[in-house]
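Trainee: Could you take me through one part of this model in close detail? I would like to follow the charged side chains and then the strand beside them.

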Amino acid sequence: QVQLVESGGGLVQAGGSLRLSCAASGRTFSNYAMGWFRQAPWTEREFVAAINWSGGSTYYGDSVKGRFTISRDNAKNMVFLQMNSLKPEDTAVYYCAARLTGLGTTTQAASVSGRYNYWGQGTQVTVSS
């Protein structure tokens, strides 16, 4: 079992930045690939970013590529999402997720939410125009 707790969400103006954190506890964190997803009201959950167990491979959704950066610190059992140049359309609840299986070699493979085993409770990000 893995417990995930997100933090760092809040209200920011368009063009600003936020850094989300996800603290993991339970089983060995470095065994898991990690991902960030988001969901806005009345929309489906959307893949944001993923990182493999070592941090050597990362994947991003098209809407955030070049603006967001995922990273992890296995010594601290943490994963981060640095979000720059935020837009109002980035407004959503952001979820951290963990999966035991590998991410695969494509963004499509990494983005399948059903392959993630554990989820956090989410943190709200609101970007004002």
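**A close look at a salt-bridge network**

Mentor: Let's start with Glu46, which counts as partly exposed because its relative accessibility is 30%, a value between the 20% and 50% cut-offs. Please keep in mind that this is a predicted model. Glu46 forms a salt bridge with Arg38, and their closest N and O atoms are 2.8 Å apart. Arg38 has a relative accessibility of 5%, so this residue counts as buried.

From Arg38 we can step onward to Asp90. The side chains of these two residues meet in a salt bridge, at 2.9 Å from N to O. This pair links distant parts of the chain: Arg38 sits in strand 4, while Asp90 belongs to the loop between strand 8 (78-83) and strand 9, and 52 residues separate them. Asp90 is buried, because its relative accessible area is 0%.

Asp90 has another partner to look at. Arg67 forms a salt bridge with Asp90, with the closest N and O atoms 2.8 Å apart. Arg67 lies in the loop between strand 6 (58-60) and strand 7 (68-73) and Asp90 in the loop between strand 8 and strand 9, so this pair ties together parts that are 23 residues apart in sequence. With a relative accessibility of 11%, Arg67 falls under the 20% cut-off and therefore counts as buried.

Put those contacts together and you have a network of salt bridges linking Arg38, Glu46, Arg67 and Asp90. As background, side chains of opposite charge can pair when their charged atoms come close. The count of salt bridges in the model comes to four.

Now for the strands. Strand 4 (residues 33-39), where Arg38 sits, pairs with strand 9 in the antiparallel sense, over seven bridges. If you want a place to find this pairing on your screen, look for Ala33, whose bridge partner in strand 9 is Arg99.

Strand 9 has further pairings. Three bridges join strand 9 to strand 11 (residues 123-128), and these two run antiparallel; here the bridge partner of Ala92 is Val125 in strand 11. Two bridges join strand 9 to strand 10 (residues 118-119), again in the antiparallel sense, and there Ala98 has Tyr118 of strand 10 as its bridge partner. As for burial, seven of the eight residues of strand 9 (residues 92-99) are buried, so this strand is largely enclosed by the rest of the structure.

Methods
Residues are numbered from 1 along each chain as its sequence is written. This is a predicted model: local features need pLDDT of at least 70, side-chain atom pairs count only at pLDDT 80 or more; totals for chains, interfaces and linings use all residues. Side-chain values use heavy atoms; hydrogens and water are left out. Buried means under 20% relative accessible area, exposed over 50%, partly exposed in between (1.4 Å probe, protein chains only). Helices (H or I, at least four residues) and strands (E, at least two) are DSSP runs, numbered from the N terminus. Two strands pair if DSSP finds at least two bridges between them.
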